[in-house]
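Please open the structure in your viewer and keep the selection tool at hand. The tour goes from the whole chain to single residues and charged pairs.

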Amino acid sequence: MRINAGDTAWVLMSAALVMFMTPGLALFYGGMVRAKNVLAMLMQNFFCLGLISVLWAVCTYSLAFHGTGKWIGDFDLAFLDHANVIPATGFGHVPIPPLSFSAFQLMFAIITPALITGAIADRMKFSAWFWFIGLWALIVYTPVAHWVFSPAGWLFRRGALDFAGGTVVHINAGIAALVAVLVLGRRRGWPNHPSPPHSLPLTLLGTGILWFGWFGFNAGSALAANGIAAQALINTHMAAAAALLSWLLFERIRGGHATTLGAASGAVAGLVAITPCAGYVGGMASIWIGLIAGALCYFAVTVKFRFGYDDALDVVGVHLVGGLAGSLLLGLFADRAFNPAVVHQGVFVNGSWELMGDQLVAVGATLLWSGVLTFVILKVLQLVIPGGLRVSEEDEETGLDLTQHSEVGYALDRV
């Protein structure tokens, strides 16, 4: 296999950038919870780096990316057996070492379940989280990654496009988050007793890390240091910038203020929405996608109060709605002029609805698979874990930092 040093360096750097996003997500969410739960939030995110990585080596990499089955892969690369020399199925032409591809995709597998933590904040036992993310990674994430990212997968073969994870990451985690909050129930006192963020500076710091890491997330998905990577990088930045402005505009009109939390949420909404589109659109498309996503997600986060589901940190409103928006807007904006891999162009390019149909199938399949199986996993765990999935009311009142980890984030009595 011919190895290109520049492409390899870019993919390895992109893997490191995506890994850095998980600590960034931890800070982003950690700043939004109350001080008594900050360590629990950080721990849930960091724990994904441990458990998901080991599962990846054992079997999930092989099941997701090796084999010719349209539904799931095989175990030929289980325990990373020969993974250093055997490329993922359909990626043998990519001039990078097989392990660099594996490392890059591993970081996606880590951050996807970590996204769910924002929805279930302040009330899930750490032991329940341990079992949930392990089972969810195996049963939910791995098949969807195979369907969409592997050339053998049925959605890939059908023609659905997802450059860096609109369906695999954001819709997948977003619908799982919605199911999880419905199963777990509301936090004590919600929505009558507000739970304001304890440290918006932490949230803004996390936003900056996420924005920075997202360049690897999206541009790294080109798997080469080339023009498509450059296009994906600029699209990523422009969509985030446009969504930030869009969110703040509607926030200012409706609420009278443009808030720092709104700026952070808007930027992430744009980053989410551009993820499936990043390498398939160009020109002003990324800005339009960002503007639309910022507005949609701003209004989506208010829906939880109308329907009464306690999505603590707006994972559903930002990641599910943003992922849906990006995946479907790709059916409007996809343009072969920016990537020859676009077989069916978007409605705005040549008037064809064929790609939109494929996108709808991919979105529907992901929603159904992830939603149903997440519900099954949670219900089974609720039956087998002593005391169920939630901490007790007393532990919730005390805070998860002390009750789950015997630590505190801030030793204020010593200052």
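The stops below each say what to select and what is there.

**The whole chain**

Start with everything selected; bear in mind that this is a predicted model. In a cartoon view, the chain shows 16 helices and 0 strands. Its radius of gyration is 20 Å, close to the 22 Å that the globule rule gives for 415 residues, so the chain is as compact as a globular protein of that length. Along the principal axes, the C-alpha trace spans about 60 × 50 × 40 Å.

Switch to a surface view. About 15,900 Å² of the chain is exposed, and carbon and sulfur atoms supply 68% of that area. Of the 415 residues, 59% count as buried. Among contacts in the chain with a separation of 6 or more, 76% are between residues 24 or more positions apart.

**Thr 142**

Hide the surface and select residues 126-149, which form helix α4. Pick Thr 142 within this helix. Is Thr 142 buried or exposed? Thr 142 counts as buried, because its relative accessibility is 1%, under the 20% cut-off. Now show the backbone of Ala 137: its oxygen lies 2.7 Å from a polar atom of the Thr 142 side chain. Leaving aside neighbours within four places in sequence, Thr 142 is in contact with Thr 60, Leu 63, Ala 64, Ile 72 and Ala 137.

**Ile 289**

Go next to helix α10, residues 285-300, and select Ile 289. With a relative accessibility of 0%, Ile 289 counts as buried. Which residues does Ile 289 touch, not counting those up to four places away in sequence? They are Ala 273, Ile 274, Cys 277, Val 281, Leu 329 and Phe 333. Add Gly 270 to the selection: Gly 270 and Ile 289 are 19 residues apart in sequence, and their C-alpha atoms are 7.5 Å apart in space.

**Charged pairs**

Side chains of opposite charge can pair when their charged atoms come close. The structure holds 9 salt bridges, and three of these pairs make up the next stops.

Select Arg 187 and Asp 122. They form a salt bridge whose closest N and O atoms are 3.6 Å apart. This pair links distant parts of the chain, 65 residues apart: Arg 187 is in the loop between α6 (166-184) and α7 (200-219), and Asp 122 is in the loop between α3 (98-115) and α4. Both ends are buried, Arg 187 with a relative accessible area of 8% and Asp 122 at 6%.

Move to Asp 358 and Arg 158, whose side chains meet in a salt bridge at 3.2 Å, N to O. Asp 358 lies in helix α14 (residues 354-384) and Arg 158 in helix α5 (residues 154-158), so this pair ties together parts 200 residues apart in sequence. Here Asp 358 counts as buried at 7% relative accessibility, whereas Arg 158 counts as partly exposed at 44%.

Then select Glu 396 and Arg 390. Their salt bridge has its closest N and O atoms 2.7 Å apart. Glu 396 counts as buried, at 3% relative accessibility.

For the last view, select Arg 34, Asp 122, Arg 123, Arg 187 and Asp 310 together. Salt bridges with shared partners join these residues into one network, which includes the pair Arg 187 and Asp 122 seen earlier.

Terms used: Residues are numbered from 1 along each chain as its sequence is written. This is a predicted model: local features need pLDDT of at least 70, side-chain atom pairs count only at pLDDT 80 or more; totals for chains, interfaces and linings use all residues. Side-chain values use heavy atoms; hydrogens and water are left out. Helices (H or I, at least four residues) and strands (E, at least two) are DSSP runs, numbered from the N terminus. Buried means under 20% relative accessible area, exposed over 50%, partly exposed in between (1.4 Å probe, protein chains only). A polar contact is a pair of N or O atoms within 3.5 Å; within protein, one must be able to donate a hydrogen and the other to accept it, and residues adjacent in sequence count only if both atoms are side-chain atoms. Contact means heavy atoms within 4.5 Å. A salt bridge is a side-chain nitrogen of Lys or Arg within 4 Å of a carboxyl oxygen of Asp or Glu. The radius of gyration is taken over C-alpha atoms; the globule rule is 2.2 Å times the number of residues to the power 0.38. Accessible areas come from the Shrake-Rupley method with a 1.4 Å probe; for residues, only the protein chains shown count as cover.
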